[in-house]
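Colleague: I am new to this predicted model. Please take me through one part of it closely, and then show me how that part sits in the whole.

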Amino acid sequence: MTDRSVAVTGLGLVTAAGLGTDATWEGVLRGESAGARDDRLAGLPVDIACAVPGLVPARHVDRRSVLIHDRFVQLAIVAAREAVADAGLDPRTWDGARVGVVVGCGLGGVSTWETQHRRLLERGPEAVSALLVPMLVPNMAAGHLAMDLRALGPNLVTATACASGGTALGTAARLLQDGTCDIVVAGGSEAGVSPLMVTGFAQMGALSRRTEEPAAASRPFDADRDGFVIGEGSGMLVLERTADAEARGATVRARLVGHGASADAHHVTAPDPEGAGALRAMEAALGQAGVSGRDIDHVNAHGTSTPLNDAVEAAVLGRLLGDGATVTSTKGVLGHTLGAAGAIEAALTVLCVERSTVPPTANLRRQDPAVELDVVAGAPREQKVELAMSNSFGFGGQNAVLVFASP
Amino acid sequence: MSTTYDRLVDLLVDGFAVDRAAIRPDVTFEELEMDSLFLVELLLVIQSEFGVKISDDAAVPTDTIAHAVALVDNETAAPAS
């Protein structure tokens, strides 16, 4: 096999900007943050989030969905169905044994966990649901997709915290490159907007405290950024070997030409101050793609809006990128969806390549003077994007970087 | 029909998204697409709703609604002391 590239033939997105790829793309192009007060967090010091609007499980998933699916699974199913249909594939006729599923998920069914734990404490063991375990374990995102899509090949969940979605796509590419699968439905899903999780992130100082102006709180690369806004959602991509996709006449949206991973081995939550781990992952992805940082036209940054991440990431990108490269962080609009972020942003990077348009970074009003990058702000920018990079860095120092090329 | 039956029908409709029109005393849980995991959950809910003690293997998917009603009625009819 000479061409080891992997084609992206389908996209599915469920985000705070709406249900579906079109709604999400239009939302990120508008550049208005979805940050808002969230009823699920009422009474907590940080009570804002970027929530997915309008998901009705009985209508969008299955009439019994609320009984068996935690929200992170519901989001995954909706996104995956869209991606498979978008790829022009029909699970009723495909050779399911050759179809794999790889889903990134950092937390799993934390809302279910909290609800049932409360029942245990308040009403005793008899009140705990028999469905607790199958609803909360994170591997159910992939397990339910297998059942929903009749995908009978390798089926797994990757957990590298906020890099999980990127790790899933890199893992999926390997399953195609080594011939294990012909099709992989890969992405990420997360629904971590729960009182305990948000409180945990708040207690460690990771979240923005700008609760009085929730739509201005997520502001990647801005001088006044003070933390991330938690989001929820799912991004799913259908991947195939490029030659196979072309042979069946599928539309190749973009090609995944490189994926790199690394560990900081530095600190539980803080990035390596020199960004050495992030740089290693970027260099690995670029090396696999056979290109240099100077060739990259555009980067969808991890860009969480935390003081530390954005500073370190910007410094590394400043050393790596050439003139003319643009950078954006779609977390300004969508918040930080943790284990789903890498996949949602990969899908948006594919759209940048396909549509020659870079979405703006929401709330970037006064760029941090230490960030010496062309960060797109205010309005979308028309740009021919032939090579683009998508960064994801997780707590624990786990890094995943993807490089996409035009078909 | 007994009160137990009516309350059980409400539980199935409200808690398990079963179609009310499909429920009859002689229909089985299997026919209502209630698999073994759902049935274990239903027995837990029944115990909590009716205040009775039923073992988690007292009903299987091939049992009927009438069987479940009898389980509850036998328990509630038992002497309290």
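What follows is a request about one helix and a connected reply.

Colleague: Which elements do the buried residues of α11(A) pack against?

Modeller: Start with the helix itself. Helix α11 of chain A covers residues 276-289. Its 14 residues should span 20 Å at 1.5 Å a residue, and its end C-alpha atoms are 20 Å apart, so the two values agree. Next, look at what is buried. Near the beginning of the list come Gly277(A), Ala278(A) and Leu279(A). Ala281(A), Met282(A), Ala284(A), Ala285(A), Leu286(A) and Ala289(A) are buried as well. Now your question. The buried residues of α11(A) pack against one helix of chain A, α12 (307-320). They also pack against β9 (254-263), β15 (387-394) and β16 (398-405) of chain A. Just past the helix, Gly290(A) takes a positive phi of about 70°.

Step back to the chain around it. Chain A holds 14 helices and 16 strands. Its radius of gyration is 20 Å, close to the 22 Å that the globule rule gives for 407 residues, so chain A is as compact as a globular protein of that length. Along its principal axes, the C-alpha trace spans about 60 × 50 × 40 Å. Of the 407 residues of chain A, 59% count as buried. Take the contacts in chain A between residues at least 6 apart in sequence: 80% of them join residues at least 24 apart.

Then the nonpolar interior. The largest nonpolar core has 132 residues. Leu145(A), Val185(A), Leu237(A) and Leu239(A) touch the most other members. Follow Leu145(A), leaving aside its neighbours within four places in sequence. Its contacts are Ala76(A), Ile77(A), Ala80(A), Val101(A), Val103(A), Ala151(A) and Val185(A). Another core, of 15 residues, lies apart from the largest one. Leu42(B), Ala59(B), Ile65(B) and Leu71(B) are among its members.

That brings in chain B. Eight residues of chain B are in contact with eight residues of chain A. Helix α2 (residues 36-50) of chain B gives the most to the side that touches chain A, with six residues. That side of chain B divides into five nonpolar residues, two polar and one charged.

Last, confidence. Chain B averages a pLDDT of 91, and 93% of the residues score at least 70. In chain B, confidence is lowest in helix α3 (residues 65-77), at a mean of 92, and highest in helix α1 (residues 3-16), at 95. The model scores ipTM 0.84 and pTM 0.96.

How values were computed
Residues numbered from 1 in each chain as written. Chains lettered and ligands numbered in written order. Predicted model: local features only at pLDDT ≥ 70, side-chain atom pairs only at ≥ 80, totals over all residues. Contact = placed C-beta atoms within 7 Å. Helix = DSSP H or I, 4+ residues; strand = E, 2+ residues; numbered from the N terminus. Nonpolar A, V, L, I, M, F, W, Y, C, P; charged D, E, K, R; others polar. Rg over C-alpha atoms; globule rule 2.2 N^0.38 Å. Buried ≥ 20, exposed ≤ 12 C-beta atoms within 10 Å, placed from the backbone. Core = buried A, V, L, I, M, F, W, Y, C linked by C-beta atoms within 7 Å. Expected span 1.5 Å × (residues − 1). pLDDT = per-residue confidence, 0-100.
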